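Biologist: I would like to go through this structure and hear the grounds for each label. Please show it before we start.

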Amino acid sequence: MELLQLVAGVAVGALLVYQVLLRWNEIWYQWIVNKSLPLPPGTMGWPLIGENISFQKLGPDFIADHQRRYGNMFKTHLFGNPVVVCTDSDVNKYVLTSESKGILLGYPRTFSEILGKWSTFSLYGSEHKAMRGILISLVAGPALRERILPKIDEFMKSYLSNWSDKILDFEKKSDEKENLEIRKGKAEDYTINWDDYNSMSFTRAVVLEALRMASAGIGFLRKTTVDTKIKGYIIPKGWTLLLRSVETNKDTDTYAEPLKFNPWRWLESNLESHQYFMLFGGGERLCPAKEFGVLQISMFLHYLVTRYRWEEVGENKIVRFPHVEAPNGLYYRFRDC
Ligand code: HEM
């Protein structure tokens, strides 16, 4: 009988310790924060380890799983840091425009170490503004029109000569028509000018739609330098904010039928001016080279569709899309046209 009591006691004790350990981070953070507002929902995992194990195990499904359980703003603990993950367009827009309220960049220190102390990623306030001004004068406006466009034109023509394999597929038909229209009546060795580029509205729509569905990053990283109240929750000073663009780029309130590759949506309504258009970030850190990026991809597409026809070779196996993962590679045969 005594032995049974002892075993039961140890079991209850172990369970208690397990529960406390599992909630340790949450208890600890709520206690040190000690504010009237609650922390966002979510679990913060084991002491030190946080939720790293399930993050590793679930991979890209970690966010979807937690979003399902806790909603569009939840706390977790990753890589030794308390993190709040936001998949809400409204919150993300607010955070991106709140640098003056003490929400600064949250990228790892190595990031600005690699880019250097004069990179915009290392600067704030008036220094940041001045450096952005310099950057914009180099990659946007007249510099883009007069200096960069002819260089990209020349580069793409030589880059796309002698093509033998390629990975990208896109809304070929309409894009082709628009681009062939631009080529019509031009000399064999023509160059694209600014007016030509501005007339590529469908090509632009294809570029934006591809960026929307398969933007390269996982989102934007920010760090609070003061206790910050958002949507009834407190995000303590020193916490990381992971603003997910993967989800906001598929927000049904902004993009109807978001899982459909539909470039026409960009032509039908002025989505580029939508308050939740964040393909290039927002606020003080909006990509200064937005037009540079779109121009470069558009020129690539122009010369691709006007110079080549292509077909798949063999059976290409794609296991992940739109971030393409093809374990055996992707093979296409190109021919001149
Ligand atoms: C399609 C191509 C591109 C996309 C989708 C893109 C996207 C972005 C995004 C989302 C940000 C904001 C990051 C943040 O707030 O944390 C950003 C910032 C930035 N981008 Fe781009 N970008 C592109 C092309 C370029 C190119 C070609 C350059 C350089 C020539 C460039 C230079 C920068 C710089 C310097 C910043 C930081 C601005 C600041 O700190 O004020 N980007 N970009």
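**Grounds for the labels**

Modeller: The model is predicted. In helix H5 (residues 89–96), the buried residues are Ser-89, Asn-92, Val-95 and Leu-96.

Biologist: What makes these residues of H5 count as buried?

Modeller: A residue is called buried if 20 or more other C-beta atoms lie within 10 Å of its own. Ser-89, Asn-92, Val-95 and Leu-96 are the residues of H5 classed as buried.

Biologist: How do you know on which side of H5 they lie?

Modeller: They cover an arc of only 130° around the axis, so they are on the same side of H5. Their cover includes strands E2 (81–86), E3 (103–105), E4 (219–224) and E7 (240–244), along with helix H12 (245–248).

Biologist: What describes the packing of helix H8 (residues 141–159) and helix H14 (residues 290–307)?

Modeller: An angle of about 35°, with the axes 10 Å apart. The crossing of H8 and H14 is right-handed.

Biologist: Which residues meet there?

Modeller: From H8, they include Leu-144, Ile-148 and Met-156; from H14, Phe-292, Leu-295 and Tyr-303 are among them. The contact of H8 with H14 has 10 nonpolar, 1 polar and 3 charged residues.

Biologist: Which residues come nearest to the ligand?

Modeller: Thr-120, Gly-281, Cys-287, Ala-289 and Gly-293, out of 16 around the ligand. Helix H7 (125–139) and H14 are the elements that give two or more residues to this shell. H7 gives the most, with 3 residues. The shell divides into 11 nonpolar, 3 polar and 2 charged residues.

Conventions. Residues numbered from 1 in each chain as written. Predicted model: local features only at pLDDT ≥ 70, side-chain atom pairs only at ≥ 80, totals over all residues. Axes fitted to C-alpha atoms, helices over the stretch in contact; angles between N-to-C directions. Helix = DSSP H or I, 4+ residues; strand = E, 2+ residues; numbered from the N terminus. Left-handed = near helix turned anticlockwise from the far one by under 90°. Contact = placed C-beta atoms within 7 Å. Nonpolar A, V, L, I, M, F, W, Y, C, P; charged D, E, K, R; others polar. Near = placed C-beta within 6 Å. Buried ≥ 20, exposed ≤ 12 C-beta atoms within 10 Å, placed from the backbone. Arc of directions from axis to C-beta.
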